[in-house]
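Student: Let's go through the spaces in this model. Start with whatever I need to count residue classes.

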Amino acid sequence: MMPLPLNFSSAVAAAKAEARPLVALESTIITHGMPYPQNLETALAVEAAVREAGAVPATIAVMGGRLHIGLEPEALEALARTKDAMKVSRADLAICLAQKRTGATTVAATMIAAHLAGIGVFATGGIGGVHRGAEVTFDISADLRELSETPVTVVAAGAKAILDLPKTLEVLETLGVPVIAYGQDAFPAFWSRDAGLRAPLRLDSPDEIAAAHLLRGQLGLPGGQLVANPIPEAAEIPRAVIGPVIEQALAEAEAQGIAAKAVTPFLLARIFELTGGRSLAANIALVLNNARLGARIAAELARG
Ligand code: PSU
Ligand code: MN
């Protein structure tokens, strides 16, 4: 049998050899979450933020039939320019590799790859969740089940209010996933610091988050943790402002019959247009903030 087609970038390979802290980063946010060239600029800025905070970034994607853990700068640029990248979740990963396609990993697929590579922390913007109307469409992101199966701590700014947030929290509770608000009691809603919901758990320091991650393993519990890190105040878009925009984007998606994997990218692009780019500026600020927290958690994990 062929060995698993896994590729480590030179920086990631060196960090692994020296047991230095590593933070995994996803790539669907690059190909399906932001327009070019802001996607490339953001990906580079997020990698730089991880480095400044003392860890090594490992951006994950499928390119040329290989699962890449860490992308060299030319590969990152090529990915950011790719228009038809496959959106790869748990179901798609093996097929994307078998067909030697270019694929961007979602939260679920990035968790799988990070775990394979021995990386315990992953920073992103927002996770997928239970979509509004899921009682009819059954549209529930595979990200939620992945959090219950794969032992990676995911740092996100909560989940977007394009989703049904109360149902998302309920499903995470059913699956036994710890949802931990960082430094506050409220569950954050991506562009806004407060979803109007209380987070089930709260931790105030990276070392407690790392300790809980390690204890789950010692307890023999599969699955990871969701750390919900609120967007910095200066970049926040209050719920009263973003709410009506979300409603309009959702109505348009329904009118146009947008379904399945196309829903999230459609909504993100429409909200970007409707806010005149303000949603993108907020998105960039929160991803950077999550990258820095991810690096601090990774440093604690490396300490053991
Ligand atoms: N939510 C965001 N931005 C994103 C995504 C979700 O706010 O870019 C991406 C992530 O990669 C996430 C995926 O894992 O969309 C979820 O897609 P789906 O709902 O089809 O599972
Ligand atoms: Mn879906």
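Tutor: For residue classes, Ala, Val, Leu, Ile, Met, Phe, Trp, Tyr, Cys and Pro count as nonpolar, Asp, Glu, Lys and Arg as charged, and the others, Gly among them, as polar. The model is predicted, so local features need pLDDT of at least 70 and side-chain atom pairs pLDDT 80 or more, while totals for chains, interfaces and linings use all residues. Residues are numbered from 1 along each chain as written, chains are lettered from A and ligands numbered from 1 in written order, and side-chain values use heavy atoms, without hydrogens and water.

Student: How do the residues of the lining of the largest pocket divide by class?

Tutor: A pocket is an open set of points on a 1 Å grid over the protein atoms alone, with protein on both sides within 12 Å along at least five of seven lines, and lining residues have an atom within 4 Å of a point. In the largest pocket, 33 residues do the lining, and K87, G128, S141, D143 and T264 lie nearest the centre. The class split is 13 nonpolar, 14 polar and six charged.

Student: Which element gives the largest share of that lining in the largest pocket?

Tutor: Elements are DSSP runs, with helices (H or I) of at least four residues. Those giving two or more residues to the lining of the largest pocket are α2, α8 (142-149) and α12. With three residues, the largest share comes from α12.

Student: What takes up space in the largest pocket?

Tutor: The pocket holds about 620 Å³ of space, a volume being what probe spheres set on the points fill. A molecule sits there if more than half of its atoms lie within 2 Å of the grid points. The occupant is ligand 1.

Student: Which side chain has a polar atom 2.7 Å from an oxygen atom of ligand 1?

Tutor: Think of polar contacts, meaning N or O pairs within 3.5 Å. The side chain of K87 puts an N or O atom 2.8 Å from a ligand 1 oxygen, while V107 does so at 2.8 Å with a backbone N or O atom. The 2.7 Å contact belongs to D143.

Student: How many residues surround ligand 1?

Tutor: Being near means having a heavy atom within 4 Å. By class, the shell has four nonpolar, seven polar and four charged residues, and α2 (28-31) and α12 (263-274) each supply at least two of its residues. E26, K87, S141, D143 and K160 are the closest, and the full shell numbers 15 residues.

Student: What is the volume of the largest cavity?

Tutor: A cavity is a set of points where a 1.4 Å probe fits but cannot get out. The whole structure has one of 30 Å³ or more. Among its 14 lining residues, E26, I29, A43, V46 and V287 are closest to the centre. The volume is about 130 Å³.

Student: Which element gives the most to the lining of that largest cavity?

Tutor: By class, this lining has eight nonpolar, five polar and one charged residues. The top contributor, with four residues, is α3.

Student: And which element supplies the largest share of the lining of the second largest pocket?

Tutor: That pocket has about 370 Å³ of space and 16 lining residues, with R132, T137, E254, I258 and V263 nearest its centre. Two or more residues come from each of α7 (134-137), α11 (239-255) and α12. By class, the lining is nine nonpolar, four polar and three charged. The largest share, three residues, comes from α11.

Definitions and conventions
A polar contact is a pair of N or O atoms within 3.5 Å; within protein, one must be able to donate a hydrogen and the other to accept it, and residues adjacent in sequence count only if both atoms are side-chain atoms.
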